[in-house]
Amino acid sequence: LVGNIGKPVLEFLAEDNAEKLYVMEISSYQLEDFTGNPDMAVMLSFFPEHMDYHGGEEPYYQAKLNLARQIKEGGILIFNQGSEILKNHLEDLMPALEKKAVQIIPYNNDLNSRLIEVEGEWALEIDGDILFRESDLLIKGKHNLENLLAVAEVARQFQIDWKIFAKVAKEFQPLEHRLELVGKFKGIFFYNDAISTTPESTMAALDALHKNHIATLIVGGMDRGYHFEKLIEKMAEVKVENLILLPDTGKKIAKLIKTKNDYQPNLIECSNLEECVKKALEMTSAGQVCLLSCAAPSYNLFKNFEERGKLFKEAVRKLGQ
């Protein structure tokens, strides 16, 4: 397992052999001039990111599509049919992929794998059988179950038994800074979702935790020109009461909210995470959730999202005693 997860690919090539299988996570920056010819490509979803680097949404999407363009002859493309933007962009590539005899496998559809609601919670269904529900997992959120549908299709290609797949999925520990439960402090549940650097990822976090009553949300970061209207609609839908705002996009979000008569949460502007946590402790009731999920990159105040998450956890543990 190599790539952007923190293990550089080049470190492993010296011990390469024909029996090794590399699973690579690749960024849009790397994909922009990618010529790798993978045996299998897995595409999860499309939503706007890194627009300052790529110069707009469409160049960003086209960089990501290089993964599909470069699949080797007779290779496999697994993609999320539930992502309309991804599906629409792949349509133009289908003739070229079919010419290369690429096997195209959609997931998150009614054919072979999908999510269904069972007694008020999401469940993963493969070939008509329910493998597990969200409550069976340590990771939370519909988006994470959709990602597991992709993993299931990869597992199918390697003839991995569904019982093994389900066991591993149920035991998988959430990664640091990804909807990470920091703990319960003064009766408040603090979650660290510092990796959320876009409005869409924060919306997914709100969906994942909304049943737990998210009373306080900490948002804001570097301004990359994102649109926050849909995120504000999601905040209103899940009834976020307190919005703690960091520079620079915090002011932008506050300005948008002030124009909406139907949703008026408490707006608190802070300049650092210690201030944010102090305010969260004052304004959040016992049994409720305070979520750090910034909907923007971290680089205006922090070295990276990891530092943002680390400092948030330190502030919670220090001030929550």
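In the predicted model, Lys-184 stands opposite Phe-189 of strand S10. Strand S10 covers residues 188-192 and is joined to S9 by five bridges, the two strands running antiparallel. Helix H8, made up of residues 199-209, lies across S10, S11 and strand S14 (289-292). The direction of H8 is at about 165 degrees to that of S11.

These strands belong to an open sheet of six strands, in which the order is S9-S10-S14-S11-S12-S13 and the pairing is mixed. Strand S9 (180-185) and S13 form the edges, each pairing on one side only. From one strand to the next, the twist averages 20 degrees.

Within this sheet, strand S11 (residues 214-219) runs parallel to S12, and four bridges join the two. One facing pair consists of Ile-218 and Ile-244, the latter in S12. Between S11 and S12 the chain passes through helix H9, residues 229-238, in a β-α-β crossover that is right-handed.

On the pairing of S12 with strand S13 (residues 266-269), the sense is again parallel, and four bridges are found. Here Ile-244 stands opposite Ile-268, a residue of S13. The connection from S12 to S13 runs through helix H10, which spans residues 249-258, and this β-α-β crossover is right-handed.

Strand S12 itself comprises residues 242-245 and is covered on both faces. Asn-242 and Ile-244 are buried on one side, while Leu-243 and Leu-245 are buried on the other. Ile-244 thus appears both among these buried residues and opposite Ile-268 in S13.

A further residue considered is Leu-131, which lies in strand S8, residues 129-133. Leu-131 counts as buried because its relative accessibility is 17%, the cut-off being under 20%. With neighbours within four places in sequence left aside, the residues in contact with Leu-131 are Leu-124, Ile-126, Trp-162, Phe-165, Ala-166 and Lys-170. Between Leu-131 and Ala-208 the separation is 77 residues in sequence, and their C-alpha atoms are 20 Å apart in space.

Note on methods. Residues are numbered from 1 along each chain as its sequence is written. This is a predicted model: local features need pLDDT of at least 70, side-chain atom pairs count only at pLDDT 80 or more; totals for chains, interfaces and linings use all residues. Side-chain values use heavy atoms; hydrogens and water are left out. Buried means under 20% relative accessible area, exposed over 50%, partly exposed in between (1.4 Å probe, protein chains only). Two strands pair if DSSP finds at least two bridges between them. A crossover is right-handed if, with the strands pointing away from the viewer, the path from the first strand over the helix to the second runs clockwise. Axes are lines fitted to C-alpha atoms, for helices over the stretch in contact, and angles run from 0 to 180 degrees between N-to-C directions. Contact means heavy atoms within 4.5 Å.
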